[in-house]
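Here is a note for a colleague who is opening this structure for the first time. Please keep the sequence and the 3D view at hand while reading the points below.

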Amino acid sequence: MEILEEKPKEGMVKIKVETLDDLWHLYHVINEGDIVYAKTLRKQAQRSDSLRPEKVEVIPVFLGVKAEKINLHKFANQLRITGPIVYTSRDDVPLGKYHTIAVEPGTVLTIQKERWRPHHIERIKEAVEASKRAKVMIVAVEDGEAEIAVVREYGLDFIASIRHNLGGKRYNVKREEEEKRFFHDIAKTMLELFERENIDRAIIAGPGFYKEDFVKFLKENYPELAKKVVTDDTSMGGRTGIYEVIKRGTVDKVYMENRVSREISLVEKVIEEIAKNGLVAYGLKEVEEAINYGAVDTLLVLDELLKSENREKLEDMMELARNLRANVVVVSSEHEGGDKLKALGGIAALLRFKIK
């Protein structure tokens, strides 16, 4: 994401969207009631004297839409913002009619809010910083099975599952041939993702020596690809192995300060503290009390809650926590850490001291 212009007095920020991660960040920045300005296409019916539509013309127009619905379509790489038109650059486009602005990588838009909360500004800054960081792919391989995921700002995006029946050990020649085909399929998928997603590094993970065999195969057959991989030992392959890579902090070793690793680690810390009846609070009432006492060291809030009817109350709590020098982390609901936080009510806090 790139910030093109800021007008604090008018509550306006103009940005350029660059990646799918940017769309996810904007989904959590744009709220109902905000006005979003962008160039868009609108269908206009051309009528004849008989008042029947002769044809529908698609016209380019610059519109301002007051957001009523904000929907993220990850698989279409689009953020769709729907609401009544409050500004138009053309006289033949009526105000008050509903329109959907489709935001995708490359879109330039301006967001106007009555009040920019600190977490909105932080989210924009995070997106800008994220665009400067490396992008990482994780490939978990086992005997004839591979799972591939891309680490995004919002969590893990599971891209592909590759499976081959390698046969038993009795058929060594057949098995070796099938294994080569299996390795080629993984490598080709990786190459496609490196190009399509602008991946910088890949982590090859799995149990035993199987991952080493795959890396050796890459060095012999795809030497340029092999230069971009590192390995990690996990107890299992598949999705479990990929989550194990995240928990072990291997992604952080590949590039600094990965959001997903940090969020999962903090949620795990909360669960550890709950298990030993330690310095922790969870649930809205208990966390609010901890904030009022100034006892919160780190506040964790599930992103879904900031789209709920309690949004303003939560934002006030987050602001008070910041003013009392607490760290505030908005946790993505797109990874297992978010699932665990949701089970705790979507909000938790690591404390400086006990309040009861």
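1. A good place to begin is the aromatic cluster, a single group formed by Phe182, Phe183, Tyr210, Phe214, Phe217 and Tyr222. Please bear in mind throughout that the model is predicted, and that what follows describes that model.

2. Two members of this cluster deserve a closer look, and both phenylalanine 183 and phenylalanine 214 are buried. How far apart are the ring centres of phenylalanine 183 and phenylalanine 214, and at what angle do their planes lie? The centres are 5.1 Å apart and the planes stand at 55°, so the pair is classed as tilted. This pair links distant parts of the chain, since phenylalanine 183 belongs to helix α3 (residues 172-196) and phenylalanine 214 to helix α4 (residues 210-221), with their positions 31 residues apart.

3. Turning to aromatic pairs in general, the count for the model comes to 10. One of them joins tyrosine 37 and phenylalanine 62, whose ring centres are 6.4 Å apart and whose planes meet at 15°, so this pair is stacked. Tyrosine 37 sits in strand β3 (residues 35-47) and phenylalanine 62 in strand β4 (residues 53-66), so the pair ties together parts that are 25 residues apart in sequence. The two partners can be described by their accessibility: tyrosine 37 has a relative accessible area of 14% and is buried, whereas phenylalanine 62, at 32%, counts as partly exposed.

4. For the chain as a whole, the reader will find 11 helices and 17 strands. Its C-alpha atoms fill a box of roughly 80 × 70 × 30 Å when taken along the principal axes. Of its 356 residues, 50% count as buried. Among the contacts with a separation of 6 or more, 67% are accounted for by residues 24 or more positions apart.

5. Next comes the packing of helices, beginning with α1 (residues 20-27) and α2, whose axes come within 10 Å of each other and cross at roughly 175°. Angles over 145 degrees count as roughly antiparallel, and α1 and α2 are therefore roughly antiparallel to each other. On the α1 side the contact is made by Asp22, Trp24, His25 and Leu26, and on the α2 side by Arg123, Ile124, Glu126 and Ala127. Sorted by character, the residues of this contact divide into four nonpolar, one polar and three charged.

6. Helix α2 (residues 118-130) also meets helix α10 (residues 311-323), their axes coming within 9 Å and crossing at roughly 80°. Are α2 and α10 roughly parallel or roughly perpendicular to each other? They are roughly perpendicular, because the crossing angle falls in the range that is given this name. Pro118, His119, His120 and Glu122 of α2 make the contact together with Glu315, Met318, Glu319 and Arg322 of α10. The residues of this contact divide into two nonpolar, two polar and four charged.

7. Aspartate 232, which is placed in strand β13 (residues 229-233), is a charged residue that merits attention, because its relative accessibility of 8% makes it count as buried. Which residue's side chain makes a polar contact with the side chain of aspartate 232? The partner is threonine 250, with a distance of 2.6 Å. Leaving aside neighbours within four places in sequence, aspartate 232 is in contact with Ile203, Ile204, Ala205, Gly206, Lys211, Val245, Arg248 and Thr250.

8. Helix α8 (residues 259-275) holds valine 267, which counts as buried because its relative accessibility is 1%. Apart from neighbours within four places in sequence, valine 267 is in contact with Leu300, Val331, Gly337, Lys340 and Leu341. For orientation in the 3D view, valine 267 and valine 103 are 164 residues apart in sequence and 32 Å apart in space, taken from C-alpha to C-alpha.

9. Glutamate 273 is found in helix α8 as well, and with a relative accessible area of 7% this residue is buried. Once neighbours within four places in sequence are set aside, the contacts of glutamate 273 are with Gly278, Leu279, Val280 and Leu350.

Methods
Residues numbered from 1 in each chain as written. Heavy atoms only, no water. Axes fitted to C-alpha atoms, helices over the stretch in contact; angles between N-to-C directions. Helix = DSSP H or I, 4+ residues; strand = E, 2+ residues; numbered from the N terminus. Parallel < 35°, antiparallel > 145°, perpendicular 65-115°, else oblique. Contact = heavy atoms within 4.5 Å. Buried < 20%, exposed > 50% of the residue type's maximum accessible area, 1.4 Å probe, protein only. Polar contact = N/O pair within 3.5 Å; in protein donor to acceptor, adjacent residues only side chain to side chain. Phe/Tyr/Trp six-rings, centres within 6.5 Å; stacked < 30°, edge-to-face > 60°.
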